[in-house]
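Hello,

I am passing a structure on to you, and I thought a short tour might help you find your way around. Please have a look at it first, and then read on.

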Amino acid sequence: MVWAALSSVIGAVLLVAGLPKVRDRARMIRVVRGYKVLPDGVAAVVGSALPYVEILLGIALILGIVPALTGSLSALLFAAFFVGLTINLIRGRLELDCGCFAFGGGTDEIEHIGWWHSTRAATLAIAGSAVALAPSITVVERITGAGVGVFAVTVVCVGLYVRSFMSFGRRPIDDYLTNAAIEMRAVSTISRY
(Lines give C-alpha, C1' and ligand atoms only; values in the text may rest on other atoms or scores of the structure.)
Protein backbone atom coordinates (compact mmCIF):
# COMPACT_ATOMS: atom_id res chain seq x y z
CA MET A 1 0.00 0.00 0.00
CA VAL A 2 2.86 2.40 0.74
CA TRP A 3 4.15 2.11 -2.83
CA ALA A 4 0.70 2.71 -4.28
CA ALA A 5 0.22 5.74 -2.02
CA LEU A 6 3.60 7.12 -3.06
CA SER A 7 2.80 6.50 -6.71
CA SER A 8 -0.55 8.25 -6.30
CA VAL A 9 1.00 11.22 -4.51
CA ILE A 10 3.45 11.71 -7.38
CA GLY A 11 0.65 11.24 -9.89
CA ALA A 12 -1.61 13.73 -8.13
CA VAL A 13 1.23 16.27 -7.95
CA LEU A 14 1.73 15.88 -11.71
CA LEU A 15 -2.00 16.31 -12.34
CA VAL A 16 -2.21 19.40 -10.14
CA ALA A 17 0.81 20.81 -11.97
CA GLY A 18 -0.28 19.88 -15.49
CA LEU A 19 -3.97 20.72 -15.63
CA PRO A 20 -3.73 24.53 -15.19
CA LYS A 21 -0.92 24.74 -17.75
CA VAL A 22 -3.08 23.37 -20.58
CA ARG A 23 -5.05 26.63 -20.69
CA ASP A 24 -2.02 28.84 -21.34
CA ARG A 25 0.26 27.24 -23.91
CA ALA A 26 2.02 30.50 -24.80
CA ARG A 27 2.95 31.19 -21.19
CA MET A 28 4.21 27.65 -20.73
CA ILE A 29 6.49 28.08 -23.73
CA ARG A 30 7.75 31.40 -22.27
CA VAL A 31 8.45 29.66 -18.94
CA VAL A 32 10.48 26.88 -20.59
CA ARG A 33 12.38 29.41 -22.73
CA GLY A 34 12.98 31.50 -19.60
CA TYR A 35 15.16 28.78 -18.15
CA LYS A 36 17.65 29.35 -21.01
CA VAL A 37 18.72 25.71 -20.94
CA LEU A 38 17.22 24.51 -24.24
CA PRO A 39 17.38 26.04 -27.74
CA ASP A 40 14.26 28.13 -28.51
CA GLY A 41 12.81 25.59 -30.98
CA VAL A 42 13.20 22.71 -28.55
CA ALA A 43 11.88 24.85 -25.68
CA ALA A 44 8.72 25.58 -27.70
CA VAL A 45 8.09 21.88 -28.27
CA VAL A 46 8.80 21.03 -24.62
CA GLY A 47 6.60 23.89 -23.42
CA SER A 48 3.73 22.72 -25.62
CA ALA A 49 4.01 19.04 -24.70
CA LEU A 50 4.93 19.27 -21.01
CA PRO A 51 1.42 19.79 -19.57
CA TYR A 52 0.09 16.77 -21.47
CA VAL A 53 3.05 14.63 -20.42
CA GLU A 54 2.46 15.60 -16.78
CA ILE A 55 -1.26 14.80 -17.03
CA LEU A 56 -0.76 11.43 -18.72
CA LEU A 57 2.00 10.41 -16.31
CA GLY A 58 -0.12 11.56 -13.37
CA ILE A 59 -3.10 9.48 -14.45
CA ALA A 60 -0.91 6.45 -15.13
CA LEU A 61 0.77 6.71 -11.72
CA ILE A 62 -2.53 7.08 -9.87
CA LEU A 63 -4.05 4.11 -11.69
CA GLY A 64 -0.86 2.04 -11.30
CA ILE A 65 -0.39 1.49 -15.03
CA VAL A 66 3.07 -0.04 -15.62
CA PRO A 67 4.52 1.43 -12.40
CA ALA A 68 8.12 0.55 -13.29
CA LEU A 69 7.92 2.57 -16.52
CA THR A 70 5.79 5.44 -15.25
CA GLY A 71 7.87 5.72 -12.08
CA SER A 72 11.04 5.86 -14.17
CA LEU A 73 9.57 8.47 -16.52
CA SER A 74 8.41 10.63 -13.62
CA ALA A 75 11.86 10.32 -12.03
CA LEU A 76 13.44 11.49 -15.30
CA LEU A 77 10.98 14.36 -15.59
CA PHE A 78 11.61 15.58 -12.05
CA ALA A 79 15.37 15.11 -12.52
CA ALA A 80 15.13 17.38 -15.58
CA PHE A 81 13.25 19.95 -13.49
CA PHE A 82 15.94 19.66 -10.82
CA VAL A 83 18.71 20.23 -13.36
CA GLY A 84 16.97 23.24 -14.93
CA LEU A 85 16.25 24.84 -11.58
CA THR A 86 19.73 24.15 -10.18
CA ILE A 87 21.49 25.53 -13.26
CA ASN A 88 19.54 28.76 -12.97
CA LEU A 89 20.10 29.02 -9.22
CA ILE A 90 23.84 28.57 -9.74
CA ARG A 91 23.73 31.26 -12.47
CA GLY A 92 22.08 33.55 -9.91
CA ARG A 93 18.87 33.81 -11.93
CA LEU A 94 16.38 33.87 -9.07
CA GLU A 95 13.72 36.03 -10.75
CA LEU A 96 12.24 33.20 -12.76
CA ASP A 97 8.80 31.63 -12.88
CA CYS A 98 9.43 27.95 -12.17
CA GLY A 99 6.25 26.99 -14.03
CA CYS A 100 5.54 24.44 -11.33
CA PHE A 101 1.92 24.99 -10.34
CA ALA A 102 -0.36 27.34 -12.28
CA PHE A 103 2.35 29.89 -12.91
CA GLY A 104 2.67 31.20 -9.39
CA GLY A 105 -0.99 31.94 -8.79
CA GLY A 106 -1.91 33.11 -12.27
CA THR A 107 -0.50 36.62 -12.04
CA ASP A 108 1.92 38.22 -14.44
CA GLU A 109 4.16 39.14 -11.53
CA ILE A 110 7.67 37.71 -11.77
CA GLU A 111 8.08 34.79 -9.45
CA HIS A 112 11.27 33.88 -7.66
CA ILE A 113 12.86 30.45 -7.55
CA GLY A 114 14.90 29.17 -4.67
CA TRP A 115 16.65 26.08 -3.44
CA TRP A 116 13.29 24.89 -2.11
CA HIS A 117 12.11 24.36 -5.71
CA SER A 118 15.24 22.44 -6.61
CA THR A 119 15.05 20.30 -3.47
CA ARG A 120 11.38 19.53 -4.10
CA ALA A 121 12.15 18.39 -7.66
CA ALA A 122 15.02 16.19 -6.43
CA THR A 123 12.81 14.66 -3.73
CA LEU A 124 10.10 13.86 -6.28
CA ALA A 125 12.72 12.36 -8.62
CA ILE A 126 13.89 10.06 -5.82
CA ALA A 127 10.26 9.16 -5.03
CA GLY A 128 9.67 8.35 -8.72
CA SER A 129 12.72 6.08 -8.68
CA ALA A 130 11.38 4.34 -5.58
CA VAL A 131 8.07 3.72 -7.34
CA ALA A 132 9.92 2.31 -10.35
CA LEU A 133 11.83 -0.12 -8.12
CA ALA A 134 8.88 -1.03 -5.87
CA PRO A 135 7.70 -4.63 -5.65
CA SER A 136 4.46 -5.58 -7.35
CA ILE A 137 1.34 -5.10 -5.26
CA THR A 138 -2.20 -6.46 -5.25
CA VAL A 139 -5.22 -4.69 -6.68
CA VAL A 140 -6.61 -4.04 -3.20
CA GLU A 141 -3.33 -2.46 -2.10
CA ARG A 142 -3.31 -0.40 -5.29
CA ILE A 143 -6.85 0.94 -4.72
CA THR A 144 -6.27 1.63 -1.03
CA GLY A 145 -2.92 3.29 -1.66
CA ALA A 146 -4.33 5.38 -4.51
CA GLY A 147 -7.11 6.61 -2.24
CA VAL A 148 -4.67 7.53 0.53
CA GLY A 149 -2.28 9.27 -1.87
CA VAL A 150 -4.93 11.30 -3.68
CA PHE A 151 -6.56 12.22 -0.35
CA ALA A 152 -3.23 13.45 1.04
CA VAL A 153 -2.55 15.66 -1.98
CA THR A 154 -6.14 16.95 -1.91
CA VAL A 155 -5.79 17.96 1.74
CA VAL A 156 -2.54 19.80 0.98
CA CYS A 157 -4.06 21.57 -2.04
CA VAL A 158 -7.14 22.63 -0.09
CA GLY A 159 -4.93 23.85 2.74
CA LEU A 160 -2.80 25.91 0.38
CA TYR A 161 -5.90 27.33 -1.30
CA VAL A 162 -7.44 28.31 2.03
CA ARG A 163 -4.14 29.82 3.12
CA SER A 164 -4.09 31.98 -0.01
CA PHE A 165 -7.08 33.99 1.17
CA MET A 166 -7.15 33.39 4.92
CA SER A 167 -4.46 34.37 7.32
CA PHE A 168 -4.17 33.55 10.97
CA GLY A 169 -2.85 36.26 13.24
CA ARG A 170 -1.82 39.75 12.13
CA ARG A 171 -1.80 40.59 8.46
CA PRO A 172 -0.08 43.48 6.66
CA ILE A 173 -3.50 45.14 6.26
CA ASP A 174 -3.90 45.15 10.06
CA ASP A 175 -0.82 47.36 10.38
CA TYR A 176 -2.17 49.73 7.75
CA LEU A 177 -5.60 49.89 9.36
CA THR A 178 -4.09 50.41 12.82
CA ASN A 179 -2.20 53.47 11.60
CA ALA A 180 -5.32 54.77 9.84
CA ALA A 181 -7.38 54.33 13.03
CA ILE A 182 -4.82 56.24 15.07
CA GLU A 183 -4.86 59.09 12.54
CA MET A 184 -8.68 59.18 12.53
CA ARG A 185 -8.75 59.43 16.34
CA ALA A 186 -6.16 62.20 16.27
CA VAL A 187 -8.13 64.15 13.65
CA SER A 188 -11.41 63.73 15.55
CA THR A 189 -9.76 64.82 18.80
CA ILE A 190 -8.29 67.94 17.16
CA SER A 191 -11.56 68.80 15.41
CA ARG A 192 -13.45 68.82 18.72
CA TYR A 193 -11.46 71.81 19.93
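Below is what turned up, going from a helix pair to a buried serine and then to the salt bridges. Please keep in mind that this is a predicted model.

**Two helices that cross**

A good place to begin is helix H1, residues 2–22, and helix H6, residues 115–133. Their axes come within 10 Å of each other and cross at roughly 135 degrees. H1 is therefore oblique to H6, and the crossing of the two is left-handed. If you would like to see where they touch, H1 contributes Trp3, Leu6, Ser7, Ile10 and Val13, while H6 brings Leu124, Ala127, Gly128, Ala130 and Val131. Sorted by class, this contact has 8 nonpolar and 2 polar residues, with no charged ones.

**A buried serine**

Next, please find Ser74, which sits in helix H4, residues 67–91. Is Ser74 buried or exposed? Its relative accessible area is 0%, so Ser74 counts as buried. And which residues does Ser74 touch, once neighbours within four places in sequence are set aside? They are Ile10, Leu14, Leu57, Leu61 and Gly128. You have met two of these names already: Ile10 belongs to the H1 side of the helix contact above, and Gly128 to the H6 side.

**The salt bridges**

How many salt bridges are there? The count comes to 3, and here they are in turn.

- Glu54 pairs with Lys21, with 3.1 Å between the closest N and O atoms. This pair links distant parts of the chain, since Glu54 is in helix H3 (residues 40–63) and Lys21 in helix H1, 33 residues apart. Glu54 is buried, at a relative accessible area of 1%, and Lys21 counts as buried too, at 2%.
- Arg27 pairs with Asp97, and here the closest N and O atoms are 3.5 Å apart. Arg27 lies in helix H2 (residues 25–34) and Asp97 in the loop between H4 and helix H5 (102–105), so this salt bridge ties together parts that are 70 residues apart in sequence. Both Arg27 and Asp97 are buried.
- Asp40 pairs with Arg33, with the closest N and O atoms 4.0 Å apart. Arg33 has a relative accessible area of 37%, so Arg33 counts as partly exposed.

If you open the model with just one thing in mind, you might try following H1: this helix crosses H6, and its Lys21 forms a salt bridge with Glu54.

Enjoy exploring, and best wishes

Key. Residues are numbered from 1 along each chain as its sequence is written. This is a predicted model: local features need pLDDT of at least 70, side-chain atom pairs count only at pLDDT 80 or more; totals for chains, interfaces and linings use all residues. Side-chain values use heavy atoms; hydrogens and water are left out. Axes are lines fitted to C-alpha atoms, for helices over the stretch in contact, and angles run from 0 to 180 degrees between N-to-C directions. Helices (H or I, at least four residues) and strands (E, at least two) are DSSP runs, numbered from the N terminus. Angles under 35 degrees count as roughly parallel, over 145 as roughly antiparallel, 65 to 115 as roughly perpendicular and the rest as oblique. A crossing is left-handed if the near helix is turned anticlockwise from the far one by less than a right angle, and right-handed if clockwise. Contact means heavy atoms within 4.5 Å. Ala, Val, Leu, Ile, Met, Phe, Trp, Tyr, Cys and Pro count as nonpolar, Asp, Glu, Lys and Arg as charged, and the others, Gly among them, as polar. Buried means under 20% relative accessible area, exposed over 50%, partly exposed in between (1.4 Å probe, protein chains only). A salt bridge is a side-chain nitrogen of Lys or Arg within 4 Å of a carboxyl oxygen of Asp or Glu.
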